[in-house]
Amino acid sequence: MQRARCYLLGETAVVLELEPPVTLESQKRIWRLTQRLADQPDVVEAIPGMNNITVVLRNPQSLALDAIERLQRWWEESEALQPDSRYVEIPVVYGKHAGPDLGVVAQHCGLTEKQVVELHASVEYVVWFLGFQPGFPYLGGLPEPLITPRRGEPRLSVPAGTVGIGGAQTGIYPLDTPGGWQLIGHTALRLFDPARAEPALLRPGDVVRFIPQREGVC
């Protein structure tokens, strides 16, 4: 079992953080722990992350030490959650103005742009968690040959719907924002819409497949 450490975060929260590596199995156990914490009256919010979970407490001054002890114990007891995952296809236009860093990724990986697209779209990804922005999916399962460092200097503006690679993960920007990932494509799907009954398009545990499109089709 992966060891975990707990610590205070600011004045209102505690964090449980796992030692490496990051695995889908550990993420499933984090989902289970998040589900368990949602029913606790002393918890304002439980926020799953990559190999960690942040718990915002209602009365942190009196509950923080007890929460740390309980988190540690519950992690040791927790089992993997097999979510009711959905299969979601994401149409993507790759390269050119839709993905201006496709050539950078290809050069870094020693591949052609066509090979990068084929490899990126060849696997099914799992949504490990949502973060950074409302509805931003961190997707696990990026083929190892495509692992590419983030940009040295982030862009001031990345359009909503842009698909990027950041290290060993791929993801989709839901809103216009500054960003430092390598941009390889764009989807017309809205990842976050506050007017929808469920604003975020994706949930943790969903399975995602990218479908390459010709420009103007997406």
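1. Let's start with two helices. The axes of H3 and H4 come within 8 Å of each other, and they cross at roughly 95 degrees. Angles from 65 to 115 degrees count as roughly perpendicular, so H3 and H4 are roughly perpendicular to each other. Keep in mind while you look that this is a predicted model.

2. Which residues make the H3 and H4 contact? On the H3 side you'll find Leu102, Gly103, Val105 and Ala106, and they meet Glu113, Val116 and Val117 of H4. Sorted by type, the residues of this contact are five nonpolar, one polar and one charged.

3. Now follow H3 to the strands. This helix, residues 102-109, lies across E5, E9 (162-166) and E12, and it runs at about 125 degrees to E12.

4. Those three strands belong to something you can trace by eye: a closed barrel of seven strands, in the order E5-E12-E9-E10-E7-E6-E13, with mixed pairing. From one strand to the next, the twist averages 40 degrees.

5. E5 is a nice place to see what mixed pairing looks like. With E12 (residues 182-186), E5 (residues 87-94) pairs in the antiparallel sense over two bridges. With E13, E5 pairs in the parallel sense, over seven bridges.

6. Want to find individual partners? Val93 has His186 in E12 as its bridge partner, and Tyr94 is matched with Gly185, also in E12. Toward E13, Val92 stands opposite Pro212. As background, side chains in a regular strand alternate between the two faces of the sheet.

7. Next, the inside. The largest nonpolar core has 24 residues, and those with the most contacts inside it are Ile90, Tyr94, Ile184, Val208 and Phe210. Helices and strands both feed it: E5, H3, H4 (113-120), E6 (125-130), E9 and E13 (207-213) each supply at least two residues of this core. Apart from it lies another core, this one of 19 residues, including Val14, Leu33, Ala46 and Ile53.

8. Finally, pick out Phe210 and look around it. What does Phe210 touch, once neighbours within four places in sequence are left aside? Its contacts include Ile90, Val92 and Tyr94, along with His120, Ala121 and Tyr125. Phe210 is also in contact with Leu139, Val163, Thr170 and Ile172. Two of these names should ring a bell: Ile90 and Tyr94 are, like Phe210, among the residues with the most contacts inside the 24-residue core.

Technical notes
Residues are numbered from 1 along each chain as its sequence is written. This is a predicted model: local features need pLDDT of at least 70, side-chain atom pairs count only at pLDDT 80 or more; totals for chains, interfaces and linings use all residues. Side-chain values use heavy atoms; hydrogens and water are left out. Two strands pair if DSSP finds at least two bridges between them. Helices (H or I, at least four residues) and strands (E, at least two) are DSSP runs, numbered from the N terminus. Axes are lines fitted to C-alpha atoms, for helices over the stretch in contact, and angles run from 0 to 180 degrees between N-to-C directions. Contact means heavy atoms within 4.5 Å. A nonpolar core is a set of buried Ala, Val, Leu, Ile, Met, Phe, Trp, Tyr and Cys residues joined through side-chain atoms within 4.5 Å. Buried means under 20% relative accessible area, exposed over 50%, partly exposed in between (1.4 Å probe, protein chains only). Angles under 35 degrees count as roughly parallel, over 145 as roughly antiparallel, 65 to 115 as roughly perpendicular and the rest as oblique. Ala, Val, Leu, Ile, Met, Phe, Trp, Tyr, Cys and Pro count as nonpolar, Asp, Glu, Lys and Arg as charged, and the others, Gly among them, as polar.
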